[in-house]
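Here is a friendly walk through one model, meant to be read with the viewer open. Have a look at the sequence and structure first, then follow along below.

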Amino acid sequence: MLELDSISMLYHLGAQEVRAVDSVSLSVPQGEYLRIVGASGSGKSTLLNLIAGMERPTEGRILTPEGDLTVMNRKQAAKWRARSIGMVFQAFHLVPHRTALMNVELGLLFHGVGRKERLQRAGEILEKLGLGDRLNHRPADLSGGEQQRVALARALVKQPALLLADEPTGNLDRDNAREIETLLGRLNSEGLTVLLVTHDATLGEQHAGRTVRMEYGRMTAMGSATASV
Ligand SMILES: Nc1ncnc2c1ncn2[C@@H]1O[C@H](COP(=O)(O)OP(=O)(O)OP(=O)(O)O)[C@@H](O)[C@H]1O
Ligand SMILES: [Mg+2]
């Protein structure tokens, strides 16, 4: 599904050089649930941005089923992202004046799907994520956990091959975090490839097939048996 071959990302701020990602190699088979655990500033979000094709790494190659992401132009990379990648973040990024249904419908905009089908698919995925009775609620009228489920539905409605989740429970209390955690596990068991990054070594521990650690931009292997220490 995805093959990172010695990728590095260097930022220059004045005279200072930051190696946000440092020679990371990683292979993600289709259907895997991979956790990347690391402290703040270890390069987790930078890595996801590279995988999503938002930025191009300074060094290395990123092989996708659609070719090497690092030689694609902006338009091709945007296509890869639009077609294949769903993303959720700590913040929900929902449009406040739109209902849950209309927020999820946005996930299919620019995909050449007519409005009727967009709304039907949005309704279906919301139903699947347990929000069938919240379709017409606006974000302010939803709990945090529900808002994140709407954001998840928006990411998934186009049926991406890969879900990138960047600290998706960071804004949630324990119960709601657990709910999202369980949902990610369920989606993975249904075939979705999931890449979860978090500083929380317990998040997703029960469901992930593999855990790797990031430290100062470098990736080190870690068996799931040691993930809790
Ligand atoms: N655009 C940028 N310009 C310069 N430095 C950057 C840029 N983006 C990130 N960095 C630096 O790269 C390092 C990795 O940042 P990144 O956001 O990937 O960390 P993270 O692991 O996601 O942290 P957190 O858990 O706090 O979200 C940090 O030291 C950060 O300051
Ligand atoms: Mg981050």
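## Helix 4 and its surroundings

In this predicted model, helix 4 has as its buried residues Arg118, Ala122, Gly123, Ile125 and Leu126. The elements covering these buried residues include helix 3 and helix 5. Is the length of helix 4 what one would expect from its 14 residues, or does it disagree? At 1.5 Å a residue the helix should span 20 Å, and its end C-alpha atoms are 20 Å apart, so the expectation and the model agree. Just after helix 4, Gly130 adopts a positive phi of about 80 degrees.

## The nonpolar cores

Leu126 leads us on to the largest nonpolar core, which has 35 residues. Leu126 is one of the members that touch the most other members, together with Val104, Val150, Leu152 and Leu163. Two or more residues come from each of helix 3 (100-105), helix 4 (115-128), helix 5 (144-156), strand 7 (162-166), helix 6 (174-189) and strand 8 (193-198). Helix 5 gives the largest share, 6 residues.

Which residues does Val150 contact, once its neighbours within four places in sequence are left aside? They are Leu94, Ala100, Asn103, Val104, Leu126, Leu131 and Leu142.

There is also a second, separate core of 29 residues, and among its members are Leu48, Ile51, Trp80 and Met214.

## The sheet and the helices across it

Now for the strands. An open sheet of 6 strands runs in the order 6-7-8-3-9-10, and its pairing is mixed. Strand 6 (85-88) and strand 10 (218-222) form the edges, each pairing on one side only. On average, neighbouring strands of this sheet are turned by 20 degrees against each other, with direction ignored.

Within the sheet, strand 7 and strand 8 pair in the parallel sense over 5 bridges. For Leu162, the bridge partner in strand 8 is Thr193.

Two helices that lie across strand 6 and strand 7 are set out here, with their angles to strand 6.

| Helix | Lies across | Angle to strand 6 |
|---|---|---|
| Helix 2 (residues 74-84) | strand 6 and strand 7 | about 75 degrees |
| Helix 5 | strand 6 and strand 7 | about 165 degrees |

Helix 5 is a good place to finish your tour. This helix lies across strand 6 and strand 7, is among the elements covering the buried residues of helix 4, and contributes 6 residues to the largest nonpolar core.

Terms used. Residues are numbered from 1 along each chain as its sequence is written. Chains are lettered from A and ligands numbered from 1 in the order in which they are written. This is a predicted model: local features need pLDDT of at least 70, side-chain atom pairs count only at pLDDT 80 or more; totals for chains, interfaces and linings use all residues. Side-chain values use heavy atoms; hydrogens and water are left out. A nonpolar core is a set of buried Ala, Val, Leu, Ile, Met, Phe, Trp, Tyr and Cys residues joined through side-chain atoms within 4.5 Å. Buried means under 20% relative accessible area, exposed over 50%, partly exposed in between (1.4 Å probe, protein chains only). Helices (H or I, at least four residues) and strands (E, at least two) are DSSP runs, numbered from the N terminus. Contact means heavy atoms within 4.5 Å. Two strands pair if DSSP finds at least two bridges between them. Axes are lines fitted to C-alpha atoms, for helices over the stretch in contact, and angles run from 0 to 180 degrees between N-to-C directions. The expected span of a helix is 1.5 Å times one less than its number of residues.
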